[in-house]
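Open the model in your viewer and keep the selection tool ready. The tour moves stop by stop.

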Amino acid sequence: QAERHKPSAIVVEDKSSGTALIQELREAGVPVAGFIPKEDKKQRMSIQSIDIESGLVFVPSVAHWLDAYLHELSNFPNGKYDDQVDSTSQFFGWIKTRFPGWGVFEFYSREAKALLNKSAGKYIRVQRPAHSQCSTLYTLSGEQINLGADGIVSLKEEDAIPLLRNGWTKVDLEATLA
């Protein structure tokens, strides 16, 4: 799967058998990020459910795994299985973890990606719905983008599609300059 999808990181819980797996995958050249959760499964998912309920998390409308995944999420913590719930909450916890100097890294990372990807796709500007308090976006292409106070962001057109379907509006650049 790592060869097929070429992720920048695969999050693995850094406890018991996960620690050995992390070492084995790193030796094989797989980009692995260890994550040590601080809370139990129920608390972790409770913390992350705020973003899910706020509409900040997008899942595809069609996927062979979607029914089982949504069933597991909606039955947690009383369902038979919770592995996907656990990995989901750990991923959201990991992606929100900041290291010292993150803001500068994020800025230069976005600038470099924009320069490298200018020919890779069209960029458009979109604005969050008036009722939304969203301040951070996690795009399908793997970017994390912090929104300004005006709620306007420039991103790849393919990343904007799910947002536009969920109440975001396309912003005309000339209208914002006027």
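**Stop 1: two loops**

Select lysine 6, in the loop between helix H1 (2-5) and strand E1 (10-13). Helices (H or I, at least four residues) and strands (E, at least two) are DSSP runs, numbered from the N terminus. This is a predicted model, where local features need pLDDT of at least 70, side-chain atom pairs count only at pLDDT 80 or more, and totals for chains, interfaces and linings use all residues. Residues are numbered from 1 along each chain as its sequence is written, and side-chain values use heavy atoms, with hydrogens and water left out.

What is the sign of phi at lysine 6? Phi is positive, about 50°, although lysine 6 is not a glycine. Most residues other than glycine have a negative phi. Lysine 6 has a relative accessible area of 64%, so it is exposed. The cut-offs: buried is under 20% relative accessible area, exposed over 50%, partly exposed in between (1.4 Å probe, protein chains only).

Now go to serine 16, in the loop between E1 and helix H2 (17-27). Serine 16 is not a glycine either, yet has a positive phi of about 40°. Its relative accessibility is 68%, so serine 16 counts as exposed.

**Stop 2: H4 against H5**

Select helix H4 (66-75) and the loop that follows towards H5; proline 77 is in that loop. The peptide bond from phenylalanine 76 to proline 77 is cis, with omega near 10°. Most peptide bonds are trans.

Add helix H5 (residues 83-95). H4 and H5 pack at about 80°, and their axes are 8 Å apart. Axes are lines fitted to C-alpha atoms, for helices over the stretch in contact; angles run from 0 to 180 degrees between N-to-C directions. H4 and H5 are therefore roughly perpendicular. Under 35 degrees counts as roughly parallel, over 145 as roughly antiparallel, 65 to 115 as roughly perpendicular and the rest as oblique.

Show the side chains at the contact (heavy atoms within 4.5 Å). From H4 come Ala68, Tyr69, Glu72 and Leu73; from H5 come Asp83, Gln84, Val85 and Thr88.

**Stop 3: an aromatic cluster**

Stay on H5. Which residues form one aromatic cluster? Select Phe91, Phe92 and Trp94. Rings of Phe, Tyr and Trp (its six-membered ring) pair if their centres lie within 6.5 Å; planes under 30 degrees apart are stacked, over 60 edge-to-face and the rest tilted.

The structure holds three aromatic pairs. One of them joins phenylalanine 91 and phenylalanine 92: it is tilted, at 5.7 Å centre to centre and 55° between the planes. Phenylalanine 91 and tryptophan 94 also pair, with centres 6.1 Å apart and planes at 40°, so this pair is tilted. Phenylalanine 91 and tryptophan 94 are three residues apart in H5, about one helical turn.

Buried or exposed? Phenylalanine 92 is buried at 13% relative accessibility. Phenylalanine 91, at 35%, is partly exposed, and so is tryptophan 94, at 26%.

**Stop 4: strand E3**

Select strand E3 (residues 123-127). Its covered face carries Ile124 and Val126; the uncovered one carries Tyr123, Arg125 and Gln127. In a regular strand the side chains alternate between the two faces of the sheet.

Add strand E6 (residues 152-156), which pairs with E3 in the antiparallel sense over five bridges. Two strands pair if DSSP finds at least two bridges between them. Glutamine 127 stands opposite isoleucine 152 in E6.

Last, add strand E7 (residues 169-171), antiparallel to E3 over three bridges. Here arginine 125 has valine 171 as its bridge partner.
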